[in-house]
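Please read the sequence alongside the three-dimensional view shown here. The account goes through it part by part.

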Amino acid sequence: MIALLGKLFSHPLGQFAAKGKTFLLPAEKSTLAPGIDALFYFCYWISIFFFLLILGLLVGFLVKYRRRPGHEAQETIHHSTPLELVWSVIPLILMIAIFVMGFRGFLDLHTPPDNCYEIQANGQKWSWTFTYPNGYSDSELHAPVDVPVKLTLSSQDVIHSLYVPDFRIKRDVVPGRYTIAWFQATESGESPLYCAEYCGTGHSEMNTKVVIHEPGEFEKWLEKASDFIKTMPPEEAGKLVYQKRGCAQCHSIDGSPGIAPTFKGLFGKQEHLQSGTRTVDENYVRESILQPTAEVVVGFDPVMPTFQGRIKDPEIEVLISYLKTLK
Ligand code: CUA
């Protein structure tokens, strides 16, 4: 019955093209999604059924037993064992069904298969970094289709939460410990990835995307992406670092104000720091990336996390080349 309900409601009049997409839920793009949706709609339809039943009886009895001449209130029924058994046992059976489905889903979500492809995911104020087995880091989560992927989650600062609605996964990312999430994508394409834990000023900007590649394409993407500093002109590689390393979430390049100073016209200018004025040169940029809170620009809070140990020198060098182009 559950499967039938799930199916019925998953394809209302076939108006939604994406597989499993309904009015209430996004498309189902992972192997975990159908089970979670079935449980959701099971609870949903039980709620609708009992809402209508109870409301219907309430209104019916209001009309039937309303007080009027010849119908005065009187106590006739004190107790009905069969009725009480019915309204206790039926909800109990439903609760057991919900528990069993929920617990199995919970175990599924927390038990990655043995043959997972492993990716490290790091949350920080306010961006995501995904590190692949070859050491390459990217702000987007790329993965192959039809392969189970295990994410080992860690936080640089506060609690974040990695949330991919299309995959039906959401997992808190907690400082000082590792948490785990896994998924197996069922189709190639892009899906949004959000932070689902309020983590400060830039929380609503802490979004990126998941890119699922066709079989064989993922390896090609990873190889090409890993070599971008060697193969691209420095300014273009620097622009990629700016996007991939999450600089873009706080530092604009068009002069518009954000959580942090804009990069437009930054290189070479006199920056007003809390400790005095300083020219923005190569050393200033490098120090600001590795020790962001050592010197803070007047008018801004010391909220940037350090990239010490997480960013490589060639990346800083191309980033500086890119900054020089932002006149
Ligand atoms: Cu990170 Cu909200």
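The paragraphs below take up the core, then a strand and its partners, then a helix, and finally the cysteines. The model is a predicted one.

The largest nonpolar core has 59 residues. The members that touch the most others are Phe130, Tyr132, Leu141, Leu162 and Phe183. Helix H8 supplies six residues to this core, the most of any contributor. The core also draws on both assigned domains, taking at least three residues from each of domain 1 (117-226) and domain 2 (231-325).

Leu141 can be followed individually. Leaving aside residues up to four places away in sequence, Leu141 touches Ile119, Phe130, Tyr132, Leu151, Phe183, Leu193, Lys209, Val210 and Val211. Among these contacts are Phe130, Tyr132 and Phe183, which are themselves listed with Leu141 among the core residues that touch the most other members.

Strand S6 spans residues 160-164. Four of its five residues are buried, so S6 is largely enclosed by the rest of the structure. Its range takes in Leu162, already met as one of the core residues with the most contacts to other members. S6 pairs with two strands. With S7 (residues 169-173) the pairing is antiparallel and runs over five bridges, one of the partnerships being that of Ser161 with Asp172. S6 and S7 make a hairpin with four residues between them, and in the turn Arg168 has a positive phi of about 60°. The pairing of S6 with S9 (residues 189-195) is also antiparallel, and two bridges join these strands. Here Tyr163 has Tyr194 as its bridge partner. As a general point, side chains in a regular strand alternate between the two faces of the sheet.

Helix H6 covers residues 234-244, and its buried residues are Ala237, Gly238, Val241, Tyr242 and Lys244. In an α-helix there are 3.6 residues a turn, so residues three or four places apart point the same way. Ala237 and Val241 are both in the buried set, as are Gly238 and Tyr242. The cover over the buried residues of H6 includes strand S3 (137-138), helix H5 (228-231) and helix H8 (313-325). H8 is thus named here as part of that cover and above as the element that gives the most to the core. Just after H6, Gly246 takes a positive phi of about 85°.

What is the disulfide count? It comes to zero. Two cysteines can be placed by accessibility, with under 20% as the cut-off for buried. Cys116 counts as buried because its relative accessibility is 15%, and Cys195 counts as buried because its relative accessibility is 6%.

Note on methods:
Residues are numbered from 1 along each chain as its sequence is written. This is a predicted model: local features need pLDDT of at least 70, side-chain atom pairs count only at pLDDT 80 or more; totals for chains, interfaces and linings use all residues. Side-chain values use heavy atoms; hydrogens and water are left out. Buried means under 20% relative accessible area, exposed over 50%, partly exposed in between (1.4 Å probe, protein chains only). Contact means heavy atoms within 4.5 Å. Two strands pair if DSSP finds at least two bridges between them. A disulfide is a pair of cysteine sulfur atoms within 2.5 Å. A nonpolar core is a set of buried Ala, Val, Leu, Ile, Met, Phe, Trp, Tyr and Cys residues joined through side-chain atoms within 4.5 Å. Domain bounds come from an automatic or database domain assignment.
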